[in-house]
Amino acid sequence: MQQYNYYFSNDSVPFDTITTTHEYTENHYPIVITQPDPSLKEPKYDWAKGVWIENAAESQGEKIQKLEQEIQALQAVKTKLDSIVQSQKMITMLTNEIVKKGGIQ
């Protein structure tokens, strides 16, 4: 009888290899037919996205660091945009005042 290797992944058991005589042609929770990328230190299958993800705490820490850097960059962009908006409001106010007084002479 032929043996088939598959992968088991859920919240309780993020990764395990199983062998069975039953042949699966598609994923059936919690059995995954595709092997995770060998570069993943602690693989876990993301059932919502249909992909293997890294579950190692150190990798999660790296992701958090990158996200924090992206947040800081976005906050800097927001600060610049807020400044531009304020400048545009000032220009609009000044333009309105000039128009009220009959324009530039």
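**Exercise 1. Is Glu97 buried, partly exposed or exposed, and how do the salt bridges of helix H1 fit along the helix?**

Solution. The model is predicted, and the answer begins with accessibility: Glu97 has a relative accessible area of 38%, which lies between the limits of 20% and 50%, and therefore this residue is partly exposed. The next step is to find its partner, and here the side chain of Glu97 meets that of Lys100 in a salt bridge, with N and O 3.8 Å apart. That distance falls within the cut-off of 4 Å. Lys100 is exposed, its relative accessible area being 67%.

The second pair in the helix is Lys78 with Asp82, whose closest N and O atoms are 2.7 Å apart. Asp82 counts as partly exposed, at 37% relative accessibility.

The last step is to consider the spacing. Lys100 and Glu97 are three residues apart in helix H1, which means that about one helical turn separates them, and Lys78 and Asp82, being four residues apart in the same helix, are also separated by about one helical turn. In general, an α-helix has 3.6 residues a turn, so residues three or four places apart point the same way.

**Exercise 2. Determine how the span of helix H1 compares with the expected value, and describe Gly102, which comes just after the helix.**

Solution. Helix H1 covers residues 57-100, 44 residues in number, and from its first C-alpha to its last it reaches 63 Å. At 1.5 Å a residue, 64 Å would be expected, and the span of H1 is close to this. Just after H1, Gly102 adopts a positive phi of about 95°. Met90, which has its place in helix H1, is partly exposed at a relative accessible area of 47%, and its C-alpha lies 19 Å from that of Gly102, the two residues being twelve apart in sequence. On confidence, H1 has the lowest mean in the protein, at 90, whereas strand E3 has the highest, at 98; the protein as a whole averages a pLDDT of 92.

**Exercise 3. Work out the strand order of the three-stranded sheet, and state which strands stand at its edges.**

Solution. The sheet is open and its strands follow the order E2-E1-E3, with antiparallel pairing. Because E2 and E3 each have a single partner strand, they stand at the edges, and one side of each is left without a neighbour in the sheet. Looking at one pairing in detail, E1 and E2 run antiparallel and are joined by five bridges; Tyr6, for example, has Ile18 in E2 as its bridge partner.

**Exercise 4. Trace what surrounds Ser9, and identify the salt bridge that involves Asp11.**

Solution. Ser9 is located in the loop between E1 and E2, and with 0% relative accessibility it counts as buried. Its side chain reaches the backbone oxygen of Pro14 at 2.6 Å, while a polar atom of that side chain lies 2.9 Å from the backbone nitrogen of Tyr45. Setting aside neighbours within four places in sequence, Ser9 is in contact with several residues, including Tyr29, Pro30, Trp47 and Trp52.

Lys44 is another of the residues that Ser9 contacts, and the side chain of Lys44 meets that of Asp11 in a salt bridge of 2.9 Å, N to O. This pair links distant parts of the chain, since Asp11 belongs to the loop between strands E1 and E2 and Lys44 to strand E4, 33 residues apart. In contrast to the buried Ser9, Asp11 is exposed, at 66% relative accessibility.

Methods
Residues are numbered from 1 along each chain as its sequence is written. This is a predicted model: local features need pLDDT of at least 70, side-chain atom pairs count only at pLDDT 80 or more; totals for chains, interfaces and linings use all residues. Side-chain values use heavy atoms; hydrogens and water are left out. Helices (H or I, at least four residues) and strands (E, at least two) are DSSP runs, numbered from the N terminus. The expected span of a helix is 1.5 Å times one less than its number of residues. Buried means under 20% relative accessible area, exposed over 50%, partly exposed in between (1.4 Å probe, protein chains only). A polar contact is a pair of N or O atoms within 3.5 Å; within protein, one must be able to donate a hydrogen and the other to accept it, and residues adjacent in sequence count only if both atoms are side-chain atoms. Contact means heavy atoms within 4.5 Å. pLDDT is the predictor's confidence in each residue, from 0 to 100. Two strands pair if DSSP finds at least two bridges between them.
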